[in-house]
Amino acid sequence: MTQSVKTALSRRLTQQKLLFDGAFGTYYAQLFDTRELPELANTLHPERVLQIHRDYIEAGAQLIRTNTFAANTFSLDLPWEAIRENLRQGYRLAKEAARGKDVQVAADIGQIPYDSRSNRGAVASEYLELCRTFLEEGADCFVFETLADLEDLRDAIALVGDKAFVVVQFSVNQFGYSHAGLSARKLIQRAEEIPQIDAVGFNCGVGPGHMQKIIREVPFHGKKFRTALPNAGYPQYISNRMIFHDRNIDYFADKVQDMARDGADLLGGCCGTTPAHIRALRDSLSLTQPKRPPVIPIPTPRTAPKENHAFFAGKEGKKLIAVELAPPVGSDDKALMDAAHLLQKSGVDVLTFPDSPSGRTRADSILMAEKVARETGMQVMPHICCRDKNAIAMRSQLLGAYLNHIDNFLVITGDPIPSLVRNSVKSVFNFDSVGLMGILNDMNEDQFAAAPITYGGAVNQSRKNLDFEISRVKKKMAAGASFFLSQPASTKESIHRLRRVKSETGARILCGIMPFVSLKNALFIKNEMTGIQVTDEVLARYRPDMTREEGEAAGVRLAREMMALSADFADGYYFSFPFNRVSMLEKIL
């Protein structure tokens, strides 16, 4: 599509609404009782693909999508050249079905599934290659659909945005949240900020009633055309197959008609819909565009503001003190509670609780923090990592924490599962720390708007590529991180690198301090813990025959030296005491 045709389609949409087709995959499974992915039919059964496209065109579809939703190497497990041929054939079949008719063909690209952080770059690159292949075929309209977020698609959208009409559609659940944990409001807001996107809305995930409710609650700002392609309803699982019933076609058409009145410009159907659903829409829907309704955001309920519980609130100019207490590995928390009570009158600003570090089970960090806060009255800050829970569980946990007055969090990606148990225990990693911060930022604007929570991130100044670490800190700050706790620093070089992070980002940084208490302790940290630098110079401070008192005294001296070296830039200190020996803090301070 040339720029003039892109403009022509935009002008057409100002005058009339357009009908999409319905679902390809579920309709294919209904016609051809097969368990193969429908995208494979582009090359194996092209006559079936042509038949479905023609069925939808005959039913009234004015814009059909290519049968390429899952045509990618992640979903089809085919070599890239086979995927390229599938895309080409899928596009040519749709064009053949539309030949001689006033029907627009859209290159269809679905969300690429992946569950490993290491695949993110590969996914973004694959989206680019999918788009390049379609552009080579002359594609002039793109539909990116059933998306949970936009991060991996930004480069692809930028590539096609000046060459084609771009539609972006998100999939959310009945409560308006995507699988990535982002709200419908946040997803639309992010899409509206990308100039190359021409139309934005929702598809899949929910039936027409829930989609209508979501569209009515989301504040569109009128800059882009709006889409609404709900499922036919909700399926039943019969003999391990997803079955939609077609008894609600009139209801479906009525609800989509309501969405058209509410301002949706491109309408159609997703899972479970058939040509019969599109025909019912064509027969009942007025395609003439009325004057666009004014955008009236749903008012936010008035809530009395809560006191700001950020641990650094009102302490400007003061060196902040955070102390980590490691939750127990068993059910006995006496040592931790004794340490917490000992710190009550120590001037500590916040107690922090790691979230099963090294992938080894400990008591839940949030529940442990809640107990300590309840019994001591101290400020608490649980760590929350991305390893063990998906977006749904994360949001649930954060809501529960907020209701129990937990207002501060340290957000980290988290250590991987130990290799010994990887066959029986699986990591989740639905996102990394920056992604989780995006969810927290979203929740602060939505659920927690009256009293937003405070969250920060970690700094690993020992990372070999410090420029990359600095870029990560900047991304975290952009995602709402308001403070950073560093990995323990025990050398001048580590302090120097942390000073550079501070100077290039301006972040509020609490310098990590770990006063080793013996040679054995220092050797264990050096050899067993990642991200903590323990040099031979540090080891030389300790002797094998040191008493407990001598070992702790050496740790106190090390801590004081690191504090003095970082005093010119550190906003505070983050202490991790081996074996919760918090009594050392008084000697250090």
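**Helix faces and helix crossings**

In helix α10 (residues 208-217), the buried residues are P208, M211, Q212, I214 and I215. The model is a predicted one. Viewed down the axis of α10, these buried residues fall within an arc of 165 degrees, so they line one face of the helix. An α-helix has 3.6 residues a turn, so residues three or four places apart point the same way. Both helices and strands help to cover the buried residues of α10. The cover includes the helices α9 (184-192) and α11 (249-261). It also includes the strands β6 (199-203) and β7 (225-229).

Helix α13 (residues 334-342) was examined in the same manner. Here L336, M337, A339 and A340 are buried. Their directions, seen down the axis of α13, stay within an arc of 160 degrees, so these residues line one face of the helix. The other side of α13 carries exposed residues, namely K334, A335 and L342. Strand β12 (350-353) and helix α14 (365-376) are included in what covers the buried residues of α13.

The pairing of α13 with α14 was then considered. The two axes come within 10 Å and cross at roughly 45 degrees. That angle makes α13 oblique to α14, because it falls in neither the roughly parallel, the roughly antiparallel nor the roughly perpendicular range. The crossing of α13 and α14 is right-handed. From α13, the contact draws on L336, M337, A340 and H341. These meet M368, K371, V372, E375 and T376 of α14. By class, the residues of this contact are five nonpolar, two polar and two charged. L336, M337 and A340 are buried residues of α13, and they also take part in the contact with α14.

A further helix pair lies later in the chain. Helix α18 (residues 492-505) and helix α21 (residues 548-566) have axes that come within 10 Å. These axes cross at roughly 35 degrees. The crossing of α18 and α21 is right-handed. K492, I495 and R499 make the contact on the α18 side. On the α21 side, M562, L565 and S566 make the contact. The contact of α18 with α21 has three nonpolar residues, one polar residue and two charged residues.

How values were computed. Residues are numbered from 1 along each chain as its sequence is written. This is a predicted model: local features need pLDDT of at least 70, side-chain atom pairs count only at pLDDT 80 or more; totals for chains, interfaces and linings use all residues. Side-chain values use heavy atoms; hydrogens and water are left out. Axes are lines fitted to C-alpha atoms, for helices over the stretch in contact, and angles run from 0 to 180 degrees between N-to-C directions. Helices (H or I, at least four residues) and strands (E, at least two) are DSSP runs, numbered from the N terminus. A crossing is left-handed if the near helix is turned anticlockwise from the far one by less than a right angle, and right-handed if clockwise. Contact means heavy atoms within 4.5 Å. Ala, Val, Leu, Ile, Met, Phe, Trp, Tyr, Cys and Pro count as nonpolar, Asp, Glu, Lys and Arg as charged, and the others, Gly among them, as polar. Buried means under 20% relative accessible area, exposed over 50%, partly exposed in between (1.4 Å probe, protein chains only). The arc is that of the directions from the helix axis to the C-beta atoms. Angles under 35 degrees count as roughly parallel, over 145 as roughly antiparallel, 65 to 115 as roughly perpendicular and the rest as oblique.
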